[in-house]
Amino acid sequence: MSDAALRLADALEQQFPTGTAQHYLDGEAAAELRRLHALNAELVEALRCADAMLSGANMDAKAVERKVRAALAKAGEGK
């Protein structure tokens, strides 16, 4: 996800007047976009670490494994 997701979240929150049902729903959608944006960043970082390690970088394999598993768990894919 790019920063476009964050801009969309901001736009959703400002689209309808406070107190309306649509404002509430847009706020929920905006919060979910922000959550997914943060999760995406964490997953990309975990993949970069794994890629670097697999490409021969001198990295602590257990630390990389913990990072990958933590990101997957947040995504609902962990063991």
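## Exercises on a three-helix model

Lys-74 and Glu-42 form a salt bridge, their closest N and O atoms lying 3.0 Å apart; a salt bridge here is a side-chain nitrogen of Lys or Arg within 4 Å of a carboxyl oxygen of Asp or Glu. The model is predicted, so local features need pLDDT of at least 70 and side-chain atom pairs count only at pLDDT 80 or more, while totals for chains, interfaces and linings use all residues. Residues are numbered from 1 along each chain as its sequence is written, and side-chain values use heavy atoms, with hydrogens and water left out.

**Exercise 1.** State which helices the pair Lys-74 and Glu-42 links, and how exposed each residue is.

*Solution.* Step 1: helices (H or I, at least four residues) and strands (E, at least two) are DSSP runs, numbered from the N terminus. Step 2: Lys-74 lies in helix 3 (residues 61-74) and Glu-42 in helix 2, so the pair links distant parts of the chain, 32 residues apart. Step 3: buried means under 20% relative accessible area, exposed over 50%, and partly exposed in between (1.4 Å probe, protein chains only). Step 4: Lys-74, with 56%, is exposed, and Glu-42, with 25%, is partly exposed.

**Exercise 2.** Find another salt bridge between helix 3 and helix 2, and then one within helix 2.

*Solution.* Step 1: the side chains of Lys-67 and Glu-45 meet at 3.7 Å, N to O. Step 2: Lys-67 is in helix 3 and Glu-45 in helix 2, 22 residues apart. Step 3: Lys-67 is partly exposed at 35% relative accessible area, and Glu-45 is partly exposed at 35%. Step 4: within helix 2, Arg-35 and Glu-32 are three residues apart, and therefore separated by about one helical turn. Their side chains form a salt bridge at 2.8 Å, N to O. Step 5: Arg-35 is partly exposed at 41%, as is Glu-32 at 33%. Step 6: the count of salt bridges comes to six. Lys-62, Glu-65 and Arg-69 are linked in a network of them.

**Exercise 3.** Describe the largest nonpolar core and say which helix gives the most to it.

*Solution.* Step 1: a nonpolar core is a set of buried Ala, Val, Leu, Ile, Met, Phe, Trp, Tyr and Cys residues joined through side-chain atoms within 4.5 Å. Step 2: the largest one has five residues, namely Ala-5, Ala-9, Leu-12, Ala-30 and Leu-33. Step 3: helix 1 (3-15) and helix 2 (21-54) each supply at least two of them, and helix 1 gives the most, with three. Step 4: leaving aside neighbours within four places in sequence, Ala-5 is in contact (heavy atoms within 4.5 Å) with Leu-33 and His-37.

**Exercise 4.** Does Asp-26 count as buried or exposed, and which side chain of opposite charge is nearest?

*Solution.* Step 1: Asp-26 is found in helix 2. Step 2: Asp-26 is buried and has no salt bridge. Step 3: Lys and Arg count as positive and Asp and Glu as negative, with His and the chain ends not counted. The nearest side chain of opposite charge is Arg-34, 11 Å away. Step 4: leaving aside neighbours within four places in sequence, Asp-26 is in contact with Leu-12, Gln-15 and Phe-16.

**Exercise 5.** Describe the dimensions of the protein and how much of it is buried.

*Solution.* Step 1: the C-alpha trace spans about 55 × 25 × 10 Å along its principal axes. Step 2: of the 79 residues, 16% count as buried.
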